[in-house]
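What follows is a walk through one protein model, from a cluster of charged side chains to the core and then to the surface. Please keep the structure in view while reading.

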Amino acid sequence: HLGNWEMYGAIPTMDRFTLNPVYRPANNPILDWLMFRRRTGTLIPKGVSGARLILDTLKKRQFVVMLCDQKLREGITIPFFGVPAKTPAAIATIALKMRVPILMAKCVRTAGGRFEAVVFPLDNLPAGKDDAAVRAVMKRINGIYEDWIRETPEQYLWIHRRYDKSAY
C-alpha cells in the first residue's frame with residue numbers, strides 16, 4: 001500500500017462523505033477491533049459475501065473504498081512493474097457494469113508530520129463491459145500505482161507476496 005491510506009478517515013473535508021471500505025478482517029480479533037473500531041460507514045467484507053453490499057452501497061450513491069494493489073488468487077493477471085501479477089478486478093468490473101466513476105486516491109507523508117491527499121477521477125473509462133475493457137482499466141490502475149511508487153518508493157509498504165512464487 002502506498003503512504004498512509006488509513007488517513008482518509010481523518011481528513012476534515014471527508015466528513016461530508018460516507019466511506020464504505022472493503023476489508024479483510026485481521027487474523028487477530030483484538031487487532032481487528034483496534035484497526036476497524038474507528039471507521040465510518042459500513043465495513044464491507046472482502047469476497048463474495050460483500051458483493052451484494054457493494055452493489056447496494058453504490059445504488060445509494062455512496063462511496064465504496066477498495067485497495068487495488070492486492071494479490072488475489074482469483075484475480076486476473078495484469079503486469080505490475082513488468083511482472084505478471086494476480087490483480088483483483090472487482091473495481092473495474094463493477095464500475096463498467098454500473099457506469100459509476102472510479103476515483104484514484106493517495107495519501108503520502110510529507111515533512112513535519114503532515115500528509116498530502118490527492119484524489120482524482122480515472123478518466124476515459126471504456127464504453128464496453130467485456131473482459132478486454134476490465135483488463136484495460138486494471139492495467140491503467142496498476143500503472144498509476146507504479147508511477148506513485150516510483151515517485152515516493154519510501155512510502156510503499158507491501159509485506160505479502162505480490163507475485164507468483166516463481167517470480168522471486
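**Helix α4 and what surrounds it**

Asp-147 and Arg-150 form a salt bridge through their side chains, with an N to O distance of 3.5 Å. The model is a predicted one. The two residues are about one helical turn apart, because they sit three positions from each other in helix α4. Asp-147 is partly exposed, since its relative accessible area is 41%. Arg-150 also meets the side chain of Glu-146 in a salt bridge, at 3.8 Å from N to O. Here too the separation is about one helical turn, because Arg-150 and Glu-146 are four residues apart in α4. Glu-146 has a relative accessibility of 13% and so counts as buried. Through shared partners, the salt bridges join Glu-146, Asp-147 and Arg-150 into one network.

The structure holds four salt bridges. One of them pairs Glu-151 with Lys-106, at 2.9 Å from N to O. This pair links distant parts of the chain, as Glu-151 belongs to helix α4 and Lys-106 to strand β6, with their positions 45 residues apart. The two ends differ in exposure: Glu-151 counts as exposed because its relative accessibility is 51%, whereas Lys-106, at 14%, counts as buried.

These pairs sit within a wider fold. The protein has four helices and seven strands, arranged along the sequence as β-α-β-α-β-β-β-α-β-β-α. Of its 168 residues, 32% are buried. Among contacts between residues at least 6 apart in sequence, 58% join residues at least 24 apart.

Next comes the interior. In soluble globular proteins, nonpolar side chains tend to be buried together. The largest nonpolar core in this model has 27 residues, and the members that touch the most others are Ile-102, Met-104, Leu-122, Val-137, Met-138 and Ile-141. At least two core residues come from each of α2, β4, α3 and α4. Helix α4 supplies the largest share, nine residues.

Which residues does Ile-141 contact, apart from its neighbours within four places in sequence? The contacts are with Cys-68, Ile-91, Ile-102, Met-104 and Leu-122. Tyr-145 also lies in helix α4, which spans residues 131-151. With a relative accessible area of 8%, Tyr-145 falls under the 20% limit and is therefore buried. Beyond the residues up to four places away in sequence, Tyr-145 touches Leu-67, Cys-68, Asp-69 and Phe-80. Its C-alpha atom is 9.5 Å from that of Met-104, although the two residues are 41 positions apart along the chain.

Helix α3, residues 90-98, has Ile-91, Ala-92, Ile-94, Ala-95 and Leu-96 as its buried residues. Their cover includes α2 (48-59) and α4. After α3 comes Arg-99, with a positive phi near 55 degrees. Arg-99 is not a glycine, and its place is in the loop between α3 and β6. Its relative accessible area is 45%, so Arg-99 is partly exposed. Phe-81 likewise has a positive phi of about 55 degrees without being a glycine. The loop that holds Phe-81 runs between β4 and β5. Phe-81 counts as partly exposed because its relative accessibility is 33%.

Past the end of α4, the chain continues in a segment that includes Gln-155. Is Gln-155 buried or exposed? At 7% relative accessibility, Gln-155 counts as buried. A polar atom of the Gln-155 side chain lies 3.1 Å from the backbone nitrogen of Arg-109.

Last is the surface. The accessible surface of the protein comes to about 10600 Å², with 57% of that belonging to carbon and sulfur atoms. A nonpolar surface patch of about 380 Å² is made by Phe-17, Phe-63, Val-65, Leu-103 and Val-119. Val-119 is in strand β7, residues 114-121. Its relative accessibility is 46%, so Val-119 counts as partly exposed.

Technical notes: Residues numbered from 1 in each chain as written. Predicted model: local features only at pLDDT ≥ 70, side-chain atom pairs only at ≥ 80, totals over all residues. Heavy atoms only, no water. Buried < 20%, exposed > 50% of the residue type's maximum accessible area, 1.4 Å probe, protein only. Contact = heavy atoms within 4.5 Å. Core = buried A, V, L, I, M, F, W, Y, C linked by side-chain atoms within 4.5 Å. Patch = residues over 30% accessible without salt bridge, like charges linked within 9 Å, V, L, I, M, F, W, Y side chains within 5 Å. Areas by Shrake-Rupley, 256 points an atom, 1.4 Å probe, with all protein chains shown as cover. Polar contact = N/O pair within 3.5 Å; in protein donor to acceptor, adjacent residues only side chain to side chain.
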